[in-house]
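Hi,

Here is the structure I promised to send over. Have a look at it first, and then read on for what turned up.

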Amino acid sequence: MVRKRLLLLLKPFDVYPSHEPSVISSSNSLKVFRYLNDRMLVHKNAINFCQNILKRKPVDWKVVFRNDVSQAISDVDLVITVGGDGTLLQASHFMDDRIPVLGVNSDPTRPEELEQLNEEFDATRSTGYLCASTANNFEQILDEILENHYEPSELARMAISINSKLIPTSALNDVLLAHPCPATVSRFSFRSSGFRVSTAAGSTAAMMSAGGSAMPILSNDLQYIVREPISPVVLSPVVPSRLMHGQVKFDERLEVTWFCREGLVYIDGSHLVHPIGHGDVIKLSSMAPRLKVYLPRHLLSQ
């Protein structure tokens, strides 16, 4: 039997506070610090738990923190991310359509915590929307994958080009076109605070918060929405509503011309950014390589 090669890709620890502050401004600040420290311990325990399980399996595996990945992931049969949706999202930027990924949500939000702490601070953590596993069921899910009883799904990603030059990174969640200063109006065919385009996987994130709608997870279409359009434009009869919000079919391209002196293309959040200038043409489509993801089964039944 050929041993499978696995990459364990981890959310780093430096996203948590490293030590208790010497000056505490309030009792609530101390509670927040201790809460975050507890979250780090839960994350560490989940990592150790997953590693102990891997030691018992007929697999070869190596560990890397997500911030240490700088080139395409290859020479493995499976990527396992331990963290949340953000860790899986970052891994996807270095993956093609050949290697599947399994997301392990290392610290799921617990309803009882939200109820207990909601008057003090927001205790919500990663939803783990794309994560099929937690530490509790990791061994069961892993065994199903190794025994070929669990098939990955193919999620659409977004191809992005600026002035006909393809950006190497495909977006798994969404793309935002906006001015670097949030107080400055963005100008393309109309004026607004920006223009957001999402895949089906990203339609339940910022897109929904902006007024968009959830799409079936396996849809290959894109969804777009003008973010905070200037009201005279909205009321203008020459601007049809479909320009404010709509979908782009899998075999179509969306073309946007930028009319500000400067702007930015944000890919899957704020960490991956490309500058644009006046007259630049941005083309978006779902013709990027798909990403193979082991999805939670409840998503497939929706």
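Below is what I found, going from the whole chain to the cores, one helix and the salt bridges.

First, a caution: this is a predicted model, so please read everything here in that light.

**The whole chain**

The protein has 302 residues, and 48% of them count as buried. Its secondary structure comes to 7 helices and 19 strands. If you take the contacts between residues at least 6 apart in sequence, 69% of them join residues at least 24 apart. The exposed surface is about 15,500 Å², with carbon and sulfur atoms supplying 51% of that.

**The cores**

The largest nonpolar core is made of 24 residues. If you want a place to start looking, I160, F195, V265 and I282 have the most contacts inside it. Strands supply a good part of the picture here: β7 (159–162), β9 (174–178), β12 (194–198), β13 (222–227), β15 (253–257), β16 (262–267) and β18 (281–285) each put in at least two residues. The most comes from β13, which gives 3.

I282 is worth clicking on. Leaving out residues up to four places away in sequence, I282 touches I160, S161, I162, L177, L254, E255, V256, W258, V265 and I276.

Apart from that core there is another one, of 22 residues, including V69, V76, M95 and V293.

**Helix α2**

Next, α2, which spans residues 85–92 and is mostly covered, with 6 of its 8 residues buried. The buried ones are D85, T87, L88, L89, A91 and S92. What do they pack against? Four strands: β1 (4–10), β3 (78–83), β4 (101–105) and β19 (291–294).

**Salt bridges**

I get 11 salt bridges in total, and three of them are described here.

R5 and D77 meet through their side chains, 3.4 Å from N to O. R5 sits in strand β1 and D77 in the loop between β2 (59–65) and β3, so this pair links distant parts of the chain, 72 residues apart. Are these two residues buried or exposed? Neither, quite: R5 has 37% relative accessibility and so counts as partly exposed, and D77, at 29%, counts as partly exposed as well.

The second bridge joins D143 and K57, at 2.8 Å from N to O. D143 is in helix α4 (residues 138–146), while K57 is in the loop between α1 (27–55) and β2, so the bridge ties together parts that are 86 residues apart in sequence. K57 counts as buried because its relative accessibility is 14%, under the 20% cut-off. D143, at 22%, counts as partly exposed. These two also belong to a wider group: R56, K57, E139 and D143 are linked in a network of salt bridges.

The third one is between D221 and K249, whose closest N and O atoms are 3.4 Å apart. Here both partners are in loops, D221 between α5 (206–209) and β13 and K249 between β14 (245–248) and β15, so the pair ties together parts 28 residues apart in sequence. D221 counts as buried, at 11% relative accessibility, whereas K249 counts as partly exposed, at 43%.

That's the tour; shout if you want to go through any of it together.

Cheers

Technical notes. Residues numbered from 1 in each chain as written. Predicted model: local features only at pLDDT ≥ 70, side-chain atom pairs only at ≥ 80, totals over all residues. Heavy atoms only, no water. Core = buried A, V, L, I, M, F, W, Y, C linked by side-chain atoms within 4.5 Å. Buried < 20%, exposed > 50% of the residue type's maximum accessible area, 1.4 Å probe, protein only. Contact = heavy atoms within 4.5 Å. Areas by Shrake-Rupley, 256 points an atom, 1.4 Å probe, with all protein chains shown as cover. Salt bridge = Lys/Arg side-chain N within 4 Å of Asp/Glu carboxyl O.
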